[in-house]
Amino acid sequence: MRAERHSTLSQIVHEVVNLTPVFDIHTHLFDPAFGPLVSWGIDELLTYHYLIAESFRTVSDTPDFFWKLDQKGQADWIWKQLFTERSPISEACRGVITSLHLLGINPRQRDLSSIRKHFASWTAETFTDRVLQVAKVRKVCMTNLPFDDQERPYWERGFQRHPAFVAALRLDPLLLEWDRTAPQLYSWGYDVRADLSGKTMDEVRRFLADWTLKMDSQYCMASLPPDWRFPENSATNRLLQEAVLPFGREYNQAFAMMIGVRRGVNPALRMAGDSLAPADVPSVEALCSAYPQNKFLCTMLARENQHALCVAARKFSNLHIFGCWWFLNNPSLIEESMRMRIELLGLGVTPQHSDCRVMDQLGYKWNHSRPILAKVLAEKYGDLEDAGWHPSRPEIEKDVHALLGGELERFIGR
Ligand code: RAT
Ligand code: ZN
């Protein structure tokens, strides 16, 4: 009887998790209106930086030869190294296979040129709509960089926005490379100074407000190195405290922190050369405590930080934690962290985001994460049932909606 009840409940949970549309709160995807900046198709999938890093595990050469190839040549080489000379068993490799499968492309022949032909009939627009439908993603948050010379002109000109794509204002250059960013802001008409004196902070706030309105940004964000500390006297913290946080309070914009990346640990791998280290959770707690009127989102890259970060979120209602980021986006670690977060935080968390860079990846990332969420939730609802609480389907639907982006929308007030 108990086993039967659990299996019906588990079936309902799996169904609901599979059907609930997701708000994917952090990606590097672009609205199709960004034309050439939109990344999709098999060559982009194969040259994803996760796969570049893995492909160099298979050879002892330095990567120089690889960077001289055009993208098709790079994709051919990665396909050979990771898909034909050995089985594509890693999570990122499996992702390529799942992405193809979800698009109805059978990769069994192991023939890259015939796979390429399947993509020829799509445009960025039709492909985007197809992927959103297959992945059951209702809303995608981009990562938008006004400092980027390719991206900025689209915002300045304006464009017809796709209803599923929303923006997030990325601030890494502002917070981490002020020396280089100050002249750029100055040349755009903001009266800022390299030494942060004079009207600098007012002008940075004006810049943030202008771009938030231009993009209709949902929140602003930065990725911070593991050695970021708060409080501490640094240009990063001054800009944060005197510009970003006052702006956030005035415009009701949460500040998202992605902490723990060590950029360029192996520069020869270029974008694939970043690594990680444990970050400092007490700094996040100190920030949340010092600025109770600000809202903070946070994810950390190191597995070692996940427990303390959950505890921090229990202490500060202005802190919302999210995602299994990058090196944590693997089934074993996703399961561990989802279980821990739900046990410690209930539904007040966004357990996953995709971090997709290539449109096709939306299918695989959610296809791989949903069953894990369903497994963990089925277990938790089963335990609840044993304790005498019988969750109804509408209640489960409401909970899953919260976990798949709804709670984040509530938290940021959008
Ligand atoms: O996961 C990634 O693709 C990384 O390259 C980073 O972009 C990271 O997600 C970030 O937003 O900094
Ligand atoms: Zn990212």
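**Exercise 1.** Which residue follows H18, and what is the sign of its phi?

*Solution.* Keep in mind that this is a predicted model. Step along the chain past the end of H18 and you land on Gly413. The phi of Gly413 is positive, near 75 degrees.

**Exercise 2.** Work out what span helix H18 should have, and compare it with the model.

*Solution.* Start with the helix itself: H18 covers residues 393-412, which makes 20 residues. The expected span is 1.5 Å times one less than the number of residues, so H18 should stretch over 28 Å. Now check the ends: the C-alpha atoms there sit 27 Å apart, which agrees. Look along the helix too, and you'll find a kink of about 70 degrees centred on Leu403.

**Exercise 3.** Find the residues that coordinate the zinc ion (ligand 2), and say which parts of the chain the pair His28 and Asp355 ties together.

*Solution.* First, list the donors: His26 (NE2), His28 (NE2) and Asp355 (OD), at 2.0 to 2.1 Å. Next, write their spacing along the chain, H-x1-H-x326-D. His28 is in the loop between strand S1 (22-24) and helix H2 (42-46), while Asp355 is in the loop between helix H16 (331-345) and helix H17 (361-386), so the pair ties together parts 327 residues apart in sequence.

**Exercise 4.** Decide whether His28 and Asp355 are buried or exposed.

*Solution.* Buried means under 20% relative accessible area. His28 has 16%, so it's buried. Asp355 has 5%, so it's buried as well.

**Exercise 5.** Describe the surroundings of His49.

*Solution.* Place it first: His49 belongs to helix H3 (residues 49-55). His49 is buried, at 7% relative accessibility. Its contacts include Met271, Ala272 and Trp326. Finally, the His49 side chain makes a polar contact with the side chain of Arg357 (3.5 Å).

Methods. Residues are numbered from 1 along each chain as its sequence is written. Chains are lettered from A and ligands numbered from 1 in the order in which they are written. This is a predicted model: local features need pLDDT of at least 70, side-chain atom pairs count only at pLDDT 80 or more; totals for chains, interfaces and linings use all residues. Side-chain values use heavy atoms; hydrogens and water are left out. Donors are N, O and S atoms within 2.8 Å of the metal (3.2 Å for Na, K and Ca); water is not among the atoms, so sites may look incomplete. Helices (H or I, at least four residues) and strands (E, at least two) are DSSP runs, numbered from the N terminus. Buried means under 20% relative accessible area, exposed over 50%, partly exposed in between (1.4 Å probe, protein chains only). A polar contact is a pair of N or O atoms within 3.5 Å; within protein, one must be able to donate a hydrogen and the other to accept it, and residues adjacent in sequence count only if both atoms are side-chain atoms. Contact means heavy atoms within 4.5 Å. The bend at a residue is the angle between axes fitted to the seven residues ending there and the seven starting there. Lists of a residue's contacts leave out its neighbours within four places in sequence.
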